[in-house]
Amino acid sequence: MLLTIDVGNTHTVLGLFDGEEIVEHWRVSTDPRRTADEMAVLMQGLMGAHPVLGEDAVDGLAICSTVPSVLHELREVTRRYYGDVPAVLVEPGVKTGVHVLMDNPKEVGADRIVNALAANHLYGGPCIVVDFGTATTFDAVNQRGDYVGGAIAPGIEISVDALGVRGAQLRKIELARPRSVIGKNTVEAMQAGILYGFAGQVDGVVGRMAAELSDDPDDVQVIATGGLAPLVLGEAHSIDEHEPWLTLIGLRLIYERNKTAS
């Protein structure tokens, strides 16, 4: 089975594929201080605790990381603990099949390229990926499957934390849907501002991007992913599809492409 690992700034998502099907997944916190040995214990513990899989189920690894220190340690994990297992780390030189049409392609996060590949594979182009993570990112893919650029906004949790820190009479709140857009108390008012504010932001940015991507913006598929996507799905009218494992699917595709090439 193929173990895919997507390391984000806040969370790390691991998914185990049997062919094209994801059969198990885990979400853990991203800790840049974790050593390679600690990561290996965590990975093997998750798989070893599964009633069927066991820690020896992995026969391939595909990894991308937005945290350089974690990528360094994961490289050591692959060397020390999975030395006999083919491993693909998404970095310069790895074949993705995605042309990056940016001023400096090396600036684009590996996860965004992986998402672009998966979105184009699943839904075709043109399309827009909205990833609700530590930041909310918008990534545009043209008809040919090229990554043409994007936008980055503060993430939902960052905004909630900022309100709690900078607002003298405000506090950190649970991210939940309020009873009404017109809040009847401070908590509901903050929830309404966050939820409907971000939904409006998504619709606004997506609408402008779609108009630039295609003569007919309705032809542009909009795919949501990321841990906080379910919170906004019902309120952002521009989202067409929700694919929670988009990055993991992209990692599987890149692994297959590079394994074949090698």
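Which residues of helix 2 are buried? In this predicted model, the buried residues of helix 2 are V70, L71, E73, L74, V77 and T78. Around the axis they span an arc of only 165°, which places them on the same side of helix 2. The face turned away from this buried side carries the exposed residues P68, H72 and R79. The buried residues of helix 2 pack against strand 1, helix 1, strand 4 (60-65) and strand 5 (87-89). The length of helix 2 was also examined: its 13 residues should span 18 Å at 1.5 Å a residue, and the end C-alpha atoms lie 19 Å apart, which agrees.

Helix 3 (110-123) was treated in the same manner. It has 14 residues and reaches 20 Å from its first C-alpha to its last, close to the 20 Å expected at 1.5 Å a residue. Helix 3 is mostly covered, with 10 of its 14 residues buried. These buried residues are A110, D111, R112, I113, V114, N115, A116, L117, A118 and A119. Just after helix 3, G124 adopts a positive phi of about 75°.

The empty space in the model was considered next, beginning with enclosed space. The count comes to 1 cavity of 30 Å³ or more. The largest cavity has a volume of about 130 Å³. Its lining comprises 14 residues, of which T12, V28, R34, M39 and L42 lie nearest the centre. Two or more lining residues come from each of strand 1 (2-7), strand 2 (11-18), strand 3 (21-29), helix 1 (36-48) and helix 2 (68-80). Helix 1 gives the most to this lining, with 3 residues. By residue class, the lining of the largest cavity divides into 9 nonpolar, 3 polar and 2 charged residues. Helix 2 thus appears among the elements that line the largest cavity, while its buried residues pack against helix 1 and strand 1, among other elements.

Open space was examined in turn. The largest pocket holds about 740 Å³ of space. It is lined by 35 residues, and those closest to its centre are D111, D131, G133, T134 and A135. The elements that give two or more residues to this lining are strand 1, strand 2, helix 3, strand 6 (127-132), strand 7 (135-141), strand 8 (147-154) and helix 7 (246-261). Strand 8 gives the most to the lining of the largest pocket, with 5 residues. The lining of the largest pocket divides into 13 nonpolar, 15 polar and 7 charged residues. D111, one of the residues closest to the centre of this pocket, is also among the buried residues of helix 3.

The second largest pocket has a volume of about 420 Å³. Its lining consists of 18 residues, of which V90, E91, P92, V108 and A110 lie nearest the centre. At least two residues of this lining are supplied by helix 2, and at least two by helix 3. The residues of the lining of the second largest pocket divide into 11 nonpolar, 5 polar and 2 charged. A110, listed among those nearest the centre of the second largest pocket, is likewise buried in helix 3.

Taken together, these results place helix 3 among the elements lining the largest pocket and the second largest pocket. Helix 2 contributes to the lining of the second largest pocket and to that of the largest cavity.

How values were computed: Residues numbered from 1 in each chain as written. Predicted model: local features only at pLDDT ≥ 70, side-chain atom pairs only at ≥ 80, totals over all residues. Heavy atoms only, no water. 1 Å grid on protein atoms, 1.4 Å probe; cavity = no way out; pocket = protein on both sides within 12 Å on 5 of 7 lines; lining within 4 Å. Points joined across faces, edges and corners; volume = space filled by probe spheres on them. Helix = DSSP H or I, 4+ residues; strand = E, 2+ residues; numbered from the N terminus. Nonpolar A, V, L, I, M, F, W, Y, C, P; charged D, E, K, R; others polar. Expected span 1.5 Å × (residues − 1). Buried < 20%, exposed > 50% of the residue type's maximum accessible area, 1.4 Å probe, protein only. Arc of directions from axis to C-beta. Contact = heavy atoms within 4.5 Å.
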